[in-house]
Amino acid sequence: MQRTITRVLLVVFGLVELPVGLWPLLSPDGFYRDFPGFRTGWVAMDGPFNEHLLRDFGGLNLALAAILIGAAVIGTTAVARLAALATFLFGLPHFLYHLGHVSHFEPVDQVLIVAMTALGAVLPLVLVLIPSRVSIPEEGPTPATP
């Protein structure tokens, strides 16, 4: 029963986070002005320098670090691939944003920003593509035949 409750809660939490994650990716300006959508824009009320968004960004990076390190400790292929997928889902939009917003930087910084954020999108794909170790059951003693 506890396992079922845990799974249900994980799905519920995931479904709550899904629109909160998609909205700023699909309409950053709309998210900034209108979140949560049923009241005055909570994000825009914090002003142009938005400590709230920066703390959220930091917290999400810490959460991602916990998932990645936890996946390394747990050591299963499924958990490693899930952590890689989570990293990719964060890294790809981050890379795409920076790819289109580097013109105001010096050339060396443009290259560094694009290269560093590209790693955040490419390396997780490498993790997903690493083949898993197939375990072959060891042969035990053959049962005696009568």
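Is Val 16 buried, partly exposed or exposed, and what is its relative accessible area? I began my notebook with that one, keeping in mind that this is a predicted model.

**Entry 1: Val 16 and its patch.** I looked up Val 16 and found it in helix α1. Its relative accessible area is 48%, and partly exposed runs between 20% and 50%, so Val 16 counts as partly exposed. I then checked the surface around it. Val 16 helps make a nonpolar surface patch of about 710 Å², together with Met 1, Ile 5, Val 8, Leu 9, Val 12 and Phe 13.

**Entry 2: the largest pocket.** Next I turned to pockets. The largest has a volume of about 1900 Å³. I counted 37 lining residues, and those nearest the centre are Gly 21, Pro 24, Leu 25, Leu 60 and Phe 90. Which helices supply at least two residues each to this lining? I noted α1 (2-26), α2 (28-34), α3 (51-74) and α4 (77-99). Helix α4 gives the largest share, 11 residues. Sorting the lining by class, I got 28 nonpolar, seven polar and two charged residues.

**Entry 3: the second largest pocket.** I moved on to the second largest pocket, with a volume of about 200 Å³. Its lining has 10 residues, and Thr 77, Ala 80, Ile 130, Pro 131 and Ser 132 are the closest to its centre. Here α4 again gives the most, with three residues. By class I wrote down four nonpolar, four polar and two charged residues for this lining.

Conventions. Residues numbered from 1 in each chain as written. Predicted model: local features only at pLDDT ≥ 70, side-chain atom pairs only at ≥ 80, totals over all residues. Heavy atoms only, no water. 1 Å grid on protein atoms, 1.4 Å probe; cavity = no way out; pocket = protein on both sides within 12 Å on 5 of 7 lines; lining within 4 Å. Points joined across faces, edges and corners; volume = space filled by probe spheres on them. Helix = DSSP H or I, 4+ residues; strand = E, 2+ residues; numbered from the N terminus. Nonpolar A, V, L, I, M, F, W, Y, C, P; charged D, E, K, R; others polar. Patch = residues over 30% accessible without salt bridge, like charges linked within 9 Å, V, L, I, M, F, W, Y side chains within 5 Å. Areas by Shrake-Rupley, 256 points an atom, 1.4 Å probe, with all protein chains shown as cover. Salt bridge = Lys/Arg side-chain N within 4 Å of Asp/Glu carboxyl O. Buried < 20%, exposed > 50% of the residue type's maximum accessible area, 1.4 Å probe, protein only.
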